Amino acid sequence: MSSSLKFDVVIIGAGPAGCSTGYLLAKSGLNVLIIERGSEPGAKQLWGGKAYAQPLREVWPELDKEAPIHRWVSIERFSLVSGERVVTLEYKLGRKVAFTTYLTELVSWMAKKAEEAGAMIISKTRADEIVIKNDRIIGVRSGSDIVEADVVVDAEGINRILLEKIGLVSKLSPEHIGLGVKEVLKLNSEKINERFGLEDEEGVSWLVIGDVTKNIPGGGFIYTMRDTISLGIVMRVSSAYDAVERGELNKHVSEVLEDFRTHPYFYRLWSDAEVIEYGGRLVIENPVETMPKKLYMPGLIIVGDAAGTLVNTGYTFRGVDTAVYSGKIAAETILEAFGKKDFSEEILRRYEEKIKSSYIYDEILRHKGASDLMREKFLFKDLPRLLTGGFEKILEADYEEPKIIDGFRKTMRENNISLLRLLSVMIKLVSKL
Ligand SMILES: Cc1cc2nc3c(=O)[nH]c(=O)nc-3n(C[C@H](O)[C@H](O)[C@H](O)COP(=O)(O)OP(=O)(O)OC[C@H]3O[C@@H](n4cnc5c(N)ncnc54)[C@H](O)[C@@H]3O)c2cc1C
């Protein structure tokens, strides 16, 4: 890069948020540069999971035909695990709402769309600083080079190092962070279809709680891809730390994941699969508390995870669609600013107003309670024990099968679970999720 470079817009980070912003702005004729520190867009993206399609279709109507969609989620499963016993709920969907994909592939596709629209993407380049002059953002510094722009878009994701430097966010504490680790298991698509009960194109999204995280708040996830399975766990960092201190957790997180993979109930689904990838990444648990003080400054707009748009519903993370949608709102605001040749706070603050009246903010507020629930150890230890224990007494009786109520009452007594505690958590569960 040369120090004399000037663009209409410079975007830091080629993730879903940066790519959607860059795509829409370049498509409208602006001169856009996206700076990505990874070896290529998507290279730093860890997971295989599910992405909600409709908000993405608003940016790329051709999504269903062109995007790297592995399978459409047709079955949602939810399991509670205690020891070898498992209670599973299943829901069969009736339409194409979300699809499974690897974020690496999806981001690479989004970046290609941005480039085709005319955006320039420079990889292997880290933005070191957002440059401020006379209380206005004027560009980005990378090494000794400064790239100037009328608007800088911060799409740097969860770490938010650059925003911290300019005082818009404070450091994340372990309270706010979850650690995600995952494995990719290779298995041919016929076996996946047969074992998970799927037709071609159909996929499973599966949440598992209980012993799989050693009863630490968090959960296990399973997604079926075309010819691989994405398997992982997310654990609340502060709770895991406390559990280690109390001597309740003495395993490395990779061993916790291995125990999940080799759990007999799940292992039969992929016993002959090969582990072809392993990785770990941080995820924000409670977005509202970690949102920047404001999402704009003169000459700056913040999008995606950096802006706190990740929604933690308690049973799923919605980060891709919200990041893309925040990029769409950012692009609309920036185009308005270019129309008026005015990049002041007065114009750019409309971005924050629009975010706050969009589905993203509604979702974040609606699911705010999910992070409180993540502190509720009852859900991750006592509830799985109660359900599996109750069913064990009823369904595994050799002679006298107890009445349902008696089976559960006995399990509650054995595990010191009071009715009051159970009711209070159930009320919380229903009202907060
Ligand atoms: C384990 C895990 C599982 C998840 N599962 C799901 C799921 O199933 N569904 C879902 O919708 N969401 C999921 N999410 C959340 C989702 O991945 C994020 O919300 C989404 O990727 C946010 O997009 P973004 O563009 O804001 O940030 P990111 O995707 O983090 O992209 C930021 C980009 O900026 C680059 N960058 C950072 N700093 C700099 C710098 N200084 N200079 C240059 N480049 C920089 C990074 O390399 C990266 O490419 C999951 C997250 C994790 C961790």
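This note goes through the ligand site and one helix pair of a predicted model.

1. The ligand is a natural place to begin: 33 residues surround it, and the closest of these are E36, W47, K50, A127 and D305. Sorted by class, the shell around the ligand consists of 16 nonpolar, eight polar and nine charged residues.

2. Several polar backbone atoms are found beside the ligand. A backbone N or O atom of A127, a residue already listed among the closest, lies 2.9 Å from a nitrogen atom of the ligand, while a polar backbone atom of F317 is 3.2 Å from a ligand nitrogen atom. On the oxygen side, a polar backbone atom of G319 is 2.9 Å from an oxygen atom of the ligand. Of the 1000 Å² of accessible area that the ligand has on its own, the protein covers 96%.

3. Which elements each supply at least two residues of the shell around the ligand? They are helix 1, strand 3 (48-52), strand 15 (274-284), strand 19 (317-318) and helix 11, and strand 15 gives the most, with three residues.

4. Two of these contributors, helix 1 and helix 11, also pack against each other. Helix 1 (residues 16-27) and helix 11 (residues 320-340) meet at an angle of about 35°, with their axes 7 Å apart, and their crossing is right-handed.

5. In that contact, helix 1 brings P16, A17, S20, T21, L24 and L25, which meet residues of helix 11 including V320, A323, V324, I334 and L335. The residues of the contact between the two helices divide into 11 nonpolar, four polar and one charged; K328 is one of the helix 11 residues involved.

How values were computed. Residues numbered from 1 in each chain as written. Predicted model: local features only at pLDDT ≥ 70, side-chain atom pairs only at ≥ 80, totals over all residues. Heavy atoms only, no water. Axes fitted to C-alpha atoms, helices over the stretch in contact; angles between N-to-C directions. Helix = DSSP H or I, 4+ residues; strand = E, 2+ residues; numbered from the N terminus. Left-handed = near helix turned anticlockwise from the far one by under 90°. Contact = heavy atoms within 4.5 Å. Nonpolar A, V, L, I, M, F, W, Y, C, P; charged D, E, K, R; others polar. Near = heavy atom within 4 Å. Polar contact = N/O pair within 3.5 Å; in protein donor to acceptor, adjacent residues only side chain to side chain. Areas by Shrake-Rupley, 256 points an atom, 1.4 Å probe, with all protein chains shown as cover.
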